[in-house]
Amino acid sequence: MSTSISRFRKWLLASPPIEFALSQLRDLLVGALRQGPMPQHIAFVMDGNRRFARSHGIETVEGHNLGFEALARILEVCYKSGVKVVTIYAFSIENFKRSKFEVDALMEMARVKLSQMAQHGEILDRYGARVRVLGRLDLLRPDVLAAVNRAVDMTSNNGDCVLNICFPYTSRDEITSAIRDTVTEYTTPLPSTRASSTSPRTPFSETHIAQNIRAQAQGTKVEDLPSDTETASASSGEGGGPKPDHPNRVYENGSSFSSSSTLHLAGQQQQQPQDKTPTSSEPGAVPNKDSPVFMSPETITRQTLDEHLLTHDNPPLDLLVRTSGVERLSDFLLWQCHENTEIVFLDILWPDFDLWHFLPVLIGWQRRISKSKKNPDAEGNFDGIEASDSAEEVTPTSNDKVKDL
Amino acid sequence: MVSQRHKELFRDDIRSRGTRLSAADREKILSPYLPDPADLPRRAPQRRRKVSRKTPIRSFLKLQLNLLTYAFIHILFGIVTRVFQSYHAVVDRIFAIIYYHHRTPELIRKDVKSLKRLPEHLSVILSLRKEDDALAILMDEVAELAAWTVSSGIPVLSVYEKTGVLKSCIPILHQIIRSKLSSYYGTLAQQPTLQLFAPHHPIYNQQQSRAPSNRQNAATLTVLLLSATDGRETFVDLTKTLAEMSQSGKLLPEDITLELVDAEISEITTQPTTTMSAEGATRGSNQMISTVKPEPDLLLIFGPFLKLDGYPPWHIRLTEMFCTGGRSSRIASSDEAVEYHGFLRGLWHYAGAQMRFGR
């Protein structure tokens, strides 16, 4: 009995007039959402594909395929309503522990989707869609990696709508890499020429002064040095400062007087082999005089770490949605979501997820943002406000009504 | 919305691993669902102007309709949330009457006895209010929570408060928790052992050296105070130290692994630096320092909605989160009160959840 009802419902929903009306309604709702503030960056944990498959008696892979359809639906809603960046958790590093069959099927699905996408480069370009894959790409199979690289490269110049796919990803891994990259950056010595050409602190050299004193004591005049620039740069090199002292540097400086561009190039070339010296774990081999210049570790801030994260060029995360009623983050975007992000756990399996479940979340977010704008002391952040400014000017009365409730 | 017919075509294509349809076929299916290229703001500015001139009234009406719908759904949503809030406010009051601790540890234990599992490490996010006596209220909340936690048999409680004001008054807080415990348990000997500490602060357990061998209650409670500086700032400090070590050649950047970071970050919250007791620091410092499980099992957010607000990110990877205000009332005040039934609801919720590693 219940199956026939559900079949009737399905038939009814698939009939052309109903389908048309539903799609018009969706368009209207999405257009309406656009009028308020919208989150700039939303993250989804697409949880529940397997459970959906189990409860509906279909294969796990089929569940993942339905999950992909749900993703397409939600992405349409997001981008049409003005969300700039969507980040999805497609595959965790921990997921490699699942059955080989399932992992392979997921990989195959990713490969097919990404390579299909690459066939439609023109459409993606037209809408400015950009796909990025975040995570440990080195753990992927070569053919999947090739598909990933092709899709990412092809869309790398677009930027209106960004889809971040966290492919083999965990947040702890990301934070660790950010720390490691920061340390690597700070272990790379500064280009030596930058230090010598822009060092206002040592315009005089001790040896030169000593020479002068000695000369004055002897009552004779110091022989003139060829040029000022050479004196300054050569002396700062040997002036006991913590700059690398290369034997050919004096020659470089002398030959190319004040053309800073060539100096810079020369310095960078010298810097390449220099990279290895401090990390070679034999500090004794490096003479004290040659110790390279580093950026001070004290200049590391949260900003520095932020810039080394995989999401560094995205707006801050406004909303994180996890489906299937599991109420933990499972190592997803820990760093990004632990400050001003609103986290929402929905008790619905991902393949069922649609605009109707997403709408209350978005409206709730919009309400809170409008409220926190009214009362800046309250909670909330102020990122997606630009859009609402114009909307508020147009309809002050309606918004006041909203707030009164 | 994609029509059923196209959905079927699409699914057939997937089943054959993307071989059935060619790229051109797929584009043909796709084309009705793509927005009109003329609507794009940036790509074709001239064309867009022409289009908008062609249908100015239609687009104006559409905008008005959208605005109207926006206002309408927000009003509707406001009404619905108010109704739900009122309903939950009533339910919450009923719960508050049915489940009240009456400052009796036995009653609390009875409330949690039927639960399948309890968190080993409970964490709560509290917020400082704006009233004058905000600090006093906050400390009282911490004391209440400490009493409930230890009564329900959870050994570790960590309290996150963004500004870190609690860390500056550890001795007073210790006293307040003590007096709260004595109102629950009675005399000193019947109280559970309490230790209170914060990262980078010495452990404070003044009382334990005085509490002699006649202790009747074997339970211990470790209270850990966290603030926003234990979050990102800790990572910044760690990175600074690692960068310094790397610059002086003591460490290769490749040596920085997840395990190293995990060990370092965990150490801050588990290892109190030194034992500081009022009389005789040497006595009893060995058996008192129990190792704290760094990852909380349950995170209770006493707030209107789920926002971590700077909570240290590293350890919440597998933490269950529960927001007491997600469905309850906010009519009385904008701040969520720390109430016993909220605490209890969190524990129930935790017991009902299933634990699976790796999604």
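Select Ala43 in chain A of this predicted model, and you will find that Ala43(A) sits in strand β1, which runs over residues 41-45 of chain A. Is Ala43(A) buried or exposed? Count the other C-beta atoms within 10 Å of its own and you reach 27, and because 20 or more are enough for a residue to be called buried, Ala43(A) is buried.

Keep Ala43(A) on screen and add Val86(A), which is 43 residues away in sequence, although the two C-alpha atoms are 5.6 Å apart in space. Now show the residues that Ala43(A) contacts once neighbours within four places in sequence are set aside, namely Thr87(A), Leu317(A), Leu320(A) and Leu333(A).

Next, move to Phe44(A), and ask which residues Phe44(A) touches, again not counting those up to four places away in sequence. These are Ile74(A), Val86(A), Ile88(A), Tyr89(A) and Val321(A). Phe44(A) also belongs to the largest nonpolar core, a set of 140 residues, where it is listed with Val142(B), Ala146(B) and Val159(B) as having the most contacts inside the core. To follow this core into chain B, select helix α6, residues 134-151, since this helix gives the most to the core, with 9 residues.

Stay with chain B and colour it by secondary structure, which comes to 11 helices and 8 strands. Of the 359 residues in this chain, 35% are buried. If you draw the contacts in chain B between residues at least 6 apart in sequence, 72% of them join residues that are at least 24 apart.

Now select residues 63-84 of chain B, which an unreviewed UniProt entry annotates as "transmembrane region". The span is 100% helix and 0% strand, and the C-alpha atoms at its ends lie 31 Å apart.

For the last stop, show helix α4 of chain B, residues 56-98, together with helix α2 of chain A, residues 16-34, and look at where their axes come within 8 Å and cross at roughly 85°. An angle from 65 to 115 degrees counts as roughly perpendicular, so α2(A) is roughly perpendicular to α4(B). Which residues of the two helices meet here? On the side of α2(A) they are Leu28(A), Leu29(A), Gly31(A), Ala32(A) and Arg34(A), while on the side of α4(B) they are Asn66(B), Thr69(B), Tyr70(B) and Ile73(B). Colour this contact by residue class, and you will see 5 nonpolar, 3 polar and 1 charged residues.

Methods: Residues are numbered from 1 along each chain as its sequence is written. Chains are lettered from A and ligands numbered from 1 in the order in which they are written. This is a predicted model: local features need pLDDT of at least 70, side-chain atom pairs count only at pLDDT 80 or more; totals for chains, interfaces and linings use all residues. UniProt positions are given in the numbering used here, feature names are shortened, and annotations may be inferred rather than shown by experiment. Helices (H or I, at least four residues) and strands (E, at least two) are DSSP runs, numbered from the N terminus. A residue is buried if 20 or more other C-beta atoms lie within 10 Å of its own, exposed if 12 or fewer, and partly exposed in between; C-beta atoms are placed from the backbone. Two residues are in contact if their C-beta atoms, placed from the backbone, lie within 7 Å. Axes are lines fitted to C-alpha atoms, for helices over the stretch in contact, and angles run from 0 to 180 degrees between N-to-C directions. Angles under 35 degrees count as roughly parallel, over 145 as roughly antiparallel, 65 to 115 as roughly perpendicular and the rest as oblique. Ala, Val, Leu, Ile, Met, Phe, Trp, Tyr, Cys and Pro count as nonpolar, Asp, Glu, Lys and Arg as charged, and the others, Gly among them, as polar. A nonpolar core is a set of buried Ala, Val, Leu, Ile, Met, Phe, Trp, Tyr and Cys residues joined through C-beta atoms within 7 Å.
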